[in-house]
Amino acid sequence: MSEPANDRRSRRRMWTSLSVRVRTALAVVVAGVLLAPAVPATAASPAGAPSAAGGSAVGAARSTLVSPCQLPTPATGWQHEGPTNYATWLPPSGTVRGIVLFVDFTNAAPVAGELAGRTSMFSAAPNVFTQASYGALNLQLTFDTAWRHILQPHGNFAGYKSSFTTQRSYVAAAVAAANAAIDFSSYQIVYVVPPKSATTFDISPAWVAAPGGGVTADGVELRHAVTFGQDVDYWGYKILNHETGHLFGLPDLYSYNNADSIHRAVGGWDLMGLISASAPDLFAWHKWKAGWLTDSQIDCRTTTGSASTVLTPLGAAGGTKAVVVHTGGNTAVVVENRQVSTLDVASGCFQAGVLVYRVTTAVFSGGAWPGGNVPPIGGPFPVEVVDRTPGLDVTTCSADEKALVNATLTTIGHTVTYGGVTVQLTNTLGNDREVSVTVV
Ligand SMILES: [Zn+2]
């Protein structure tokens with residue numbers, strides 16, 4: 001849908017991070033644009049009343065509204081910032097096992113050392129989730145040890161990045177090629193790595209099938225996969241984390257409008273935006289959505305007034321991680337404390353401080369609208385950082401990050417206001433930050 005076949009974007013802005021679109025047999029192609037089923041029976045969580053049964057179990061992934069600061073779930077098969085429907089997407093908790101397959105083609109063979117090189121690179125990815133989830137998610141990767149042969153030319157899968165069905169046939173071919181050697185009943189995720197010479201595969205879209213639409217092997221239905229492309233060489237191992245983030249239901253935060261400033265919404269502040277960012281941890285909102293933060297770690301505000309909160313750093317376990325102000329039906333303002341963590345790159349392009357952003361479920365992954373329309377230039381996008389210094393770039397940082405590097409409140413007294421919510425940094429206590437949040 002938001003993925004033009006004639007995408008001419010530069011390598012730097014390569015679409016590595018295609019949104020996952022859940023498809024069923026009902027998906028139709030109209031003028032080259034894939035339309036998601038209107039309301040996939042398996043992909044829509046009710047947007048209704050809080051679920052008493054859900055409670056606030058520690059670290060539990062959940063599909064329904066529980067806290068009054070969560071946002072209503074849109075009825076769509078796309079990823080969004082509401083509660084995740086784990087009937088379709090993969091719960092990001094406990095041990096999640098992925099098998100990394102290496103497949104070649106009748107017209108594309110690997111070079112010596114390619115399998116070992118990819119294995120070495122991707123081995124760094126699980127730790128990102130371990131850190132970001134405070135140990136709640138243990139992604140275990142098993143790397144196949146040989147190239148499996150798909151006895152077709154790679155061009156047979158040319159539609160893999162725009163057609164659910166073609167991408168499914170590619171995943172199925174990879175699974176079939178490896179099935180004699182691999183017991184797929186042990187895995188929830190299939191990662192498919194082609195040789196660099198298979199030029200069909202330029203980008204690395206994730207793939208999610210609704211129940212019944214997956215690939216069956218060894219008695220299990222495989223519904224979650226990532227098909228890697230050559231952009232792996234550009235982004236490095238964290239592209240595995242970004243794409244796996246989609247399997248967990250997280251949306252893209254960059255713009256699907258090629259004509260826009262792609263990373264205008266969140267700059268380098270979240271892995272679902274810019275993969276090569278200086279601050280690639282996931283927003284507190286995403287960690288809460290994923291079940292890695294409990295409701296007790298969220299200071300939920302639903303009424304007017306002013307109150308102070310001490311926020312512990314996002315990158316360290318424990319404490320209050322965010323103030324969330326539910327400002328309207330599908331909108332919230334979030335306040336969090338970003339200090340350099342093990343996931344971050346300490347530099348002038350990471351200005352530690354209090355970060356404020358707006359979240360909405362009015363639009364979907366990449367800012368796409370209901371029905372699949374690409375967003376207008378400027379958004380709205382699922383998350384937008386509130387910039388303390390609008391118009392003032394940090395010009396020494398990358399073009400994608402420079403506008404929002406200095407969005408943070410770094411000095412006592414710094415203040416931003418968005419949508420009737422005023423946030424002021426009132427004290428620093430080691431790495432903790434005290435903020436006053438006033439809602440009018
Ligand atoms: Zn993406």
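Reader: In what sense do strand S3 and S5 pair, and over how many bridges?
Author: Bear in mind that this is a predicted model. Strand S3 covers residues 94-105, and its pairing with S5 runs in the parallel sense. Within that pairing, Ile99 stands opposite Val190 in S5. As for the count, S3 and S5 share five bridges.

Reader: And on S9, which residue is the bridge partner of Val190?
Author: S5 also pairs with strand S9, residues 224-227, again in the parallel sense, over three bridges. Look along S9 for the residue that bridges to Val190, and you land on Ala225.

Reader: How many of the residues of S5 are buried?
Author: Take the two sides of the strand in turn. Ile189, Tyr191 and Val193 point one way and are buried. Val190 and Val192 point the other way, and they are buried too. That leaves S5 mostly covered, with the buried count at five of five.

Reader: Let's move to charges. Which residue forms a salt bridge with Arg118, and how far apart are the closest N and O atoms?
Author: Side chains of opposite charge can pair when their charged atoms come close. Arg118 sits in helix H1 (residues 114-122), and its partner sits in helix H4 (residues 232-235), 115 residues apart. That partner is Asp233, with the closest N and O atoms at 2.7 Å.

Reader: Is Arg118 buried or exposed?
Author: The cut-off for buried is under 20% relative accessible area. Its partner Asp233 is at 41%, so Asp233 counts as partly exposed. Arg118 has a relative accessibility of 6%, so Arg118 counts as buried.

Reader: Which residues do salt bridges that share partners join into one network?
Author: The structure holds nine salt bridges. Some of them share partners, and that sharing makes a network. You already know the Arg118 and Asp233 pair. The network consists of Arg118, Asp233 and Lys196.

Reader: What about Asp202: how many residues apart in sequence are the parts it ties together with Lys161?
Author: Asp202 and Lys161 form a salt bridge, with the closest N and O atoms 2.8 Å apart. Asp202 lies in the loop between strand S5 (189-193) and strand S6 (206-208), while Lys161 lies in the loop between strand S4 (137-150) and helix H3 (164-178). Asp202 is partly exposed at 25%, and Lys161 is partly exposed at 23%. The salt bridge therefore ties together parts whose separation in sequence is 41 residues.

Reader: Which residue meets Arg358 in a salt bridge?
Author: Arg358 is in strand S14 (residues 353-360), and its partner is in strand S15 (residues 383-385), 26 residues away. Both partners are buried. The N to O distance is 2.7 Å, and the partner is Glu384.

Reader: Now the nonpolar side. Where does the largest nonpolar core lie?
Author: This core has 67 residues, and Phe283, Trp285 and Tyr357 have the most contacts inside it. Its largest share, five residues, comes from S4. Residues come from domain 1 (11-37 + 90-247) and also from domain 2 (263-440), so the core lies between domain 1 and domain 2.

Reader: What does Trp285 touch, leaving out residues up to four places away in sequence?
Author: Trp285 is one of the residues with the most contacts inside the largest core. Its list includes Cys69, Gln70, Leu71 and Glu81, and also Val324, Ala332, Val334 and Glu336. Completing the list are Tyr357 and Val359.

Reader: How many residues are in the second, separate core?
Author: In soluble globular proteins, nonpolar side chains tend to be buried together. Among the members of this second core are Tyr160, Ile203, Leu222 and Ala225. Its residue count is 29.

Notes. Residues are numbered from 1 along each chain as its sequence is written. This is a predicted model: local features need pLDDT of at least 70, side-chain atom pairs count only at pLDDT 80 or more; totals for chains, interfaces and linings use all residues. Side-chain values use heavy atoms; hydrogens and water are left out. A salt bridge is a side-chain nitrogen of Lys or Arg within 4 Å of a carboxyl oxygen of Asp or Glu. Helices (H or I, at least four residues) and strands (E, at least two) are DSSP runs, numbered from the N terminus. Buried means under 20% relative accessible area, exposed over 50%, partly exposed in between (1.4 Å probe, protein chains only). Two strands pair if DSSP finds at least two bridges between them. A nonpolar core is a set of buried Ala, Val, Leu, Ile, Met, Phe, Trp, Tyr and Cys residues joined through side-chain atoms within 4.5 Å. Domain bounds come from an automatic or database domain assignment. Contact means heavy atoms within 4.5 Å.
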